[in-house]
Amino acid sequence: MAASYGRPIALRSTEPRTLAPPARRTAHVTAVERLGAYHLIRALDSAGPADPQPGQFYMLSTAERWGGGEDERPYLPRAFSHARAREGELSFLLETVGPGTRRLAELRPGDGLELLGPLGVGWRPPVDGTRPLLVGGGIGTAPLLCWQDELGPDAAVVLGFRSAAHAQAATLFAGEPAVATDDGSAGRQALVTDLLREQLDEPATVFACGPPAMLEAVRAICAEAGVPAQLALESGMACGFGACFGCVVPTREGYVRLCVDGPVLAAELLAMPSGGSRPRSPAGDWQVAG
Ligand SMILES: Cc1cc2nc3c(=O)[nH]c(=O)nc-3n(C[C@H](O)[C@H](O)[C@H](O)COP(=O)(O)OP(=O)(O)OC[C@H]3O[C@@H](n4cnc5c(N)ncnc54)[C@H](O)[C@@H]3O)c2cc1C
Ligand code: FES
């Protein structure tokens, strides 16, 4: 379904929060594919809602061997944005950075994937009269895929990656996204923010997800150009539904729990008061989701 362009970006405090689903459930893995530097996991979530909103996330763990076994430390489920949701099948794009992502990447078709979700508040529609401009960095491309699915193939997409291996994620998008890499091995040797600047000659609403430094640069560029922007952030999440306060991030409206008030926040909520510095979260500064 195409998104309505009629509403402005709402601020966090005016919006309903996502209530936690009552229980974890088991989805069944249908495929695990290597996609350059990343892994793409597909799982059939027959018991879950068929229409997770782009930008929402799930807490994932494996049904078997998720810590606690011999030579394994027990650990909590990990947060992942769904990259796609089609006819009950969820796709997750992940980069292996630690024990949780390594174990998830080992899943095989038929294995159980424990999940809780969809959680949080995702992307809001573009501001009236603007075109959507999707800006992704690295694994932060994941929550932009389902957003392009909903907005339609004409939504402009600019992506930045470390190398050609990471840039294979760009092949998942419709049309021809503009690609930049750090080493020039795919697309242009440039920063994704260079591509963003080139796209700002027409009125746009920017939707961005990527590393913290990229997001801060996107925020500053959009603020200077007067362009509305939404940023998908990351912080450490233990529960995913508002109970542990482990994910709080500082905003202009005070601290918010990113799992219930985000992970997508309006960029203006993150703007630093003039002359001041952004307060630091007890859990560290905010980071990108994806
Ligand atoms: C809302 C939300 C959505 C997310 N969506 C995705 C997604 O779609 N795909 C995805 O791959 N990840 C996503 N993440 C990030 C993922 O949850 C974390 O990377 C997770 O901690 C990985 O678990 P782990 O056990 O493998 O590594 P951990 O043990 O948690 O971390 C291992 C080491 O890697 C570092 N590390 C953790 N995350 C990253 C990272 N992203 N990049 C570089 N270093 C890192 C840690 O600082 C630590 O040193 C998302 C996070 C949030 C909050
Ligand atoms: S992750 Fe527990 S409150 Fe947000």
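Tutor: A residue counts as buried when its relative accessible area is under 20%, as exposed when it is over 50%, and as partly exposed in between (1.4 Å probe, protein chains only). This is a predicted model, in which local features need pLDDT of at least 70 and side-chain atom pairs count only at pLDDT 80 or more, while totals for chains, interfaces and linings use all residues. Residues are numbered from 1 along each chain as its sequence is written, chains are lettered from A and ligands numbered from 1 in the order in which they are written, and side-chain values use heavy atoms, with hydrogens and water left out.

Student: Does W147 count as buried or exposed?

Tutor: The relative accessibility of W147 is 2%. Because the lowest class takes in such a value, W147 counts as buried.

Student: Which are the edge strands of the seven-stranded sheet?

Tutor: Strands are DSSP runs of E with at least two residues, and helices are runs of H or I with at least four, numbered from the N terminus; two strands pair if DSSP finds at least two bridges between them. The seven strands form an open, antiparallel sheet in the order β4-β3-β7-β1-β2-β6-β5. The strands that pair on one side only are the edges, namely β4 (78-81) and β5 (84-86).

Student: By how many degrees are neighbouring strands of this sheet turned against each other on average?

Tutor: Axes are lines fitted to C-alpha atoms, for helices over the stretch in contact, and angles run from 0 to 180 degrees between N-to-C directions. With direction ignored, the average turn between neighbouring strands of the sheet is 35°.

Student: Which residue in β7 stands opposite S61?

Tutor: Strand β3 (residues 57-62) pairs with strand β7 (residues 112-119) over five bridges in the antiparallel sense. Opposite S61, in β7, stands E114.

Student: What angle does the direction of helix α2 make with that of β5?

Tutor: Contact means heavy atoms within 4.5 Å. Helix α2 (residues 142-151) packs on the sheet and touches β4, β5 and β6 (89-94). Between the directions of α2 and β5 the angle is about 40°.

Student: How many salt bridges does the structure hold?

Tutor: Side chains of opposite charge can pair when their charged atoms come close. A salt bridge requires a side-chain nitrogen of Lys or Arg within 4 Å of a carboxyl oxygen of Asp or Glu. Among them is the pair of R42 and E33, at 3.1 Å from N to O. The total number of salt bridges is 11.

Student: Which residues are linked with R65 in a network of salt bridges?

Tutor: The side chains of E106 and R103 meet at 3.5 Å, N to O. E106 is partly exposed at 40% relative accessibility, whereas R103 is buried at 8%. Linked with R65 in the network are R103 and E106.

Student: How many residues apart in sequence are the parts that R131 and E202 tie together?

Tutor: R131 and E202 form a salt bridge, with the closest N and O atoms 3.8 Å apart. R131 lies in strand β8 (residues 131-137) and E202 in the loop between α4 (192-198) and β12 (204-209), so the parts joined by this pair are separated in sequence by 71 residues.

Student: With which side chain does the side chain of T130 make a polar contact?

Tutor: A polar contact is a pair of N or O atoms within 3.5 Å; within protein, one must be able to donate a hydrogen and the other to accept it, and residues adjacent in sequence count only if both atoms are side-chain atoms. T130 lies in the loop between β7 and β8 and is buried, at 12% relative accessible area. A polar atom of its side chain lies 2.6 Å from the backbone oxygen of V127. At 2.7 Å, the side-chain partner of T130 is T205.

Student: Which rings are linked with W123 into a cluster?

Tutor: Rings of Phe, Tyr and Trp (its six-membered ring) pair if their centres lie within 6.5 Å; planes under 30 degrees apart count as stacked, over 60 as edge-to-face and the rest as tilted. The rings of W123 and F207 have centres 5.7 Å apart and planes at 90°, so this pair is edge-to-face. W147 and F207 are also edge-to-face, at 5.4 Å and 75°. Ring pairs therefore join W123 in a cluster with W147 and F207.
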